[in-house]
Amino acid sequence: MLATATFHTNTIKLWETATGRELRNSVGRRTKHCAASLRSFAFSPDSRLLAAAGGNNSVKIWEVANGREVQTLTGGQASTFMDAFGVTYVAFSADGKKLVTISDAVRVWDTSSWKETVTLQMADINPAGITGGAGGAALSADGNQLARVNDDKIKFIDLGQWT
């Protein structure tokens, strides 16, 4: 299965990769969004859930099988500048027990309760990294290490020490 974001219709489409057939085009439909959030979504390791960035510094969790919204995760209120970008990174740990999001803060969510377990404020946000110009992030398989590119430097954040 493949997920693609569609800016024009504000949806995330699901595709069957073996046939190229579109399975669903309403997963992740949002009434309020920003352009940056449409590229921020991730499947859970078992492909049962899809986490998709939403407006207002939130992430929506959807069941892939039926498109039903399971949960909305809302971080703190971002600054006006950050709210314009929303959540720019979403990733599940390989065991599916954690969901990591980046917006105005790095947040770690426990997927069994959908409670926020770690919040690390971002003092060194690079706008180019948010918009995709220079930057990015990657999560280790266990969900304990986050690597972020900022100003051509890689910064490692040990999330495990906070959980």
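Here are three short exercises, with worked solutions, on the structure shown above.

This is a predicted model, in which local features need pLDDT of at least 70 and side-chain atom pairs count only at pLDDT 80 or more, while totals for chains, interfaces and linings use all residues. Residues are numbered from 1 along each chain as its sequence is written, and side-chain values use heavy atoms, with hydrogens and water left out.

**Exercise 1: the cores**

Find the residues with the most contacts inside the largest nonpolar core, and the elements that give two or more residues to this core.

*Solution.* Start with the term: a nonpolar core is a set of buried Ala, Val, Leu, Ile, Met, Phe, Trp, Tyr and Cys residues joined through side-chain atoms within 4.5 Å. Buried means under 20% relative accessible area, exposed over 50%, and partly exposed in between (1.4 Å probe, protein chains only).

Next, look at the members. The largest core has 13 residues, and Val59, Ile61 and Leu99 have the most contacts inside it. Two or more residues come from each of β5 (49–54), β6 (58–63) and β8 (89–92); β5 gives the most, with 3 residues. Strands here are DSSP runs (E, at least two residues), numbered from the N terminus.

Now zoom in on Ile61. Leaving aside residues up to four places away in sequence, its contacts (heavy atoms within 4.5 Å) include Leu49, Val70, Leu99 and Trp114.

Finally, a second, separate core has 12 residues, among them Ile102, Val108, Leu139 and Leu159.

**Exercise 2: a loop residue**

Decide whether Ser47 is buried, partly exposed or exposed.

*Solution.* First, locate Ser47: the loop between β4 (41–43) and β5 holds this residue. Then check the accessibility: Ser47 has a relative value of 42%, so Ser47 counts as partly exposed. As an extra step, compare sequence with space: Met1 is 46 residues from Ser47 along the chain, and their C-alpha atoms are 8.5 Å apart.

**Exercise 3: a three-stranded sheet**

Work out the strand order of the open sheet of 3 strands, and explain why one side of β12 and of β14 has no neighbour there.

*Solution.* Two strands pair if DSSP finds at least two bridges between them. β12 and β13 (residues 145–150) run antiparallel and share 4 bridges; one bridge partner pair is Gly136 with Val149. β13 and β14 are also antiparallel, with 6 bridges, and Asn150 stands opposite Lys153 of β14.

The order is therefore β12-β13-β14. β12 (136–139) and β14 (153–158) are at the edges with a single partner strand each, so one side of each lacks a neighbour in the sheet.

To finish, visit the hairpin of β13 and β14: 2 residues lie between the strands, and Asp151 has a positive phi near 55°.
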